[in-house]
Amino acid sequence: MIGTVQASRYVTPLREGGSLPGIVEADDLGTYVVKFRGAGQGLKALVAEVVVGELARRLDLRVPELRALELDPV
């Protein structure tokens with residue numbers, strides 16, 4: 001199960017990749033590279049990343065912890 005954190009501050013956009021990721025700080029004091037649903041590659045690409053990430057974890061490969069991020073709509 002993927003844990004959820006609340007975004008507390010948008011730090012900076014990353015200028016690389018088709019998903020237009022950004023760096024965000026969260027309420028758990030972590031810093032995350034975030035990929036947004038509405039970005040270039042769409043929701044299917046994000047779902048594929050979650051599936052592959054969890055498969056890799058089950059194979060005992062080192063992968064970053066995945067988190068769902070809640071954003072304030074404002």
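**From an exposed turn to a small core**

Leu29 is exposed, its relative accessible area being 80%, where exposed means over 50% relative accessible area, buried under 20%, and partly exposed in between, as computed with a 1.4 Å probe on protein chains only. The model is a predicted one, in which local features need pLDDT of at least 70 and side-chain atom pairs count only at pLDDT 80 or more, while totals for chains, interfaces and linings use all residues. Residues are numbered from 1 along each chain as its sequence is written, and side-chain values use heavy atoms, with hydrogens and water left out.

Leu29 sits in the loop between β2 and β3, and although it is not a glycine, it has a positive phi of about 70°. As a general matter, most residues other than glycine have a negative phi. A second case is Asp60, again not a glycine, with a positive phi of about 65°; Asp60 belongs to the loop between α1 and β4 and counts as exposed because its relative accessibility is 69%.

The chain as a whole contains one helix and four strands, arranged from the N terminus as β-β-β-α-β. Here helices (H or I, at least four residues) and strands (E, at least two) are DSSP runs, numbered from the N terminus. Along the principal axes, the C-alpha atoms fill a box of roughly 40 × 30 × 20 Å, and of the 74 residues in the chain, 19% are buried. Contact, here and below, means heavy atoms within 4.5 Å; among contacts with a separation of 6 or more, 29% are between residues 24 or more positions apart.

The pairing of the strands can be followed from β2 outwards, two strands being paired if DSSP finds at least two bridges between them. β1 and β2 run antiparallel and are joined by five bridges, and Thr12 has Ile23 as its bridge partner in β2. On the β3 side, β2 and strand β3 (residues 31-34) are also antiparallel, with four bridges between them, and the bridge partner of Val24 in β3 is Tyr32. β2 and β3 form a hairpin with four residues between them, and Leu29 lies in its turn.

Gly30 lies in the loop between β2 and β3 as well, but Gly30 counts as buried because its relative accessible area is 18%. Leaving out residues up to four places away in sequence, Gly30 touches Val24 and Glu25, whereas the C-alpha atoms of Gly30 and Arg57, 27 residues apart along the chain, are separated by 20 Å.

In a regular strand the side chains alternate between the two faces of the sheet. Strand β2 (residues 22-26) shows this alternation, with Gly22, Val24 and Ala26 pointing to one face and buried, and Ile23 and Glu25 pointing to the other and not buried. Two of these residues, Val24 and Ala26, join Val5, Ala7, Tyr32 and Val34 in the largest nonpolar core, which has six residues in all. β1, β2 and β3 each supply at least two residues of this core. A nonpolar core is a set of buried Ala, Val, Leu, Ile, Met, Phe, Trp, Tyr and Cys residues joined through side-chain atoms within 4.5 Å.

Within this core, Val5 comes from strand β1 (residues 3-13) and counts as buried because its relative accessibility is 7%. Leaving aside neighbours within four places in sequence, Val5 is in contact with Ala26, Asp27, Asp28, Tyr32, Arg67, Ala68, Leu69 and Glu70. Ala26, with residues up to four places away not counted, touches Val5, Gln6, Ala7, Ser8, Tyr32 and Leu69.

Beyond the core, the largest pocket is lined by 25 residues, of which Val33, Val34, Lys35, Arg67 and Ala68 lie nearest its centre. The elements giving two or more residues to this lining are β3, α1 (43-58) and β4 (67-70), and the largest share, eight residues, comes from α1. A pocket, found on a 1 Å grid over the protein atoms alone, is an open set of points where a 1.4 Å probe fits, with protein on both sides within 12 Å along at least five of seven lines, and lining residues have an atom within 4 Å of a point.
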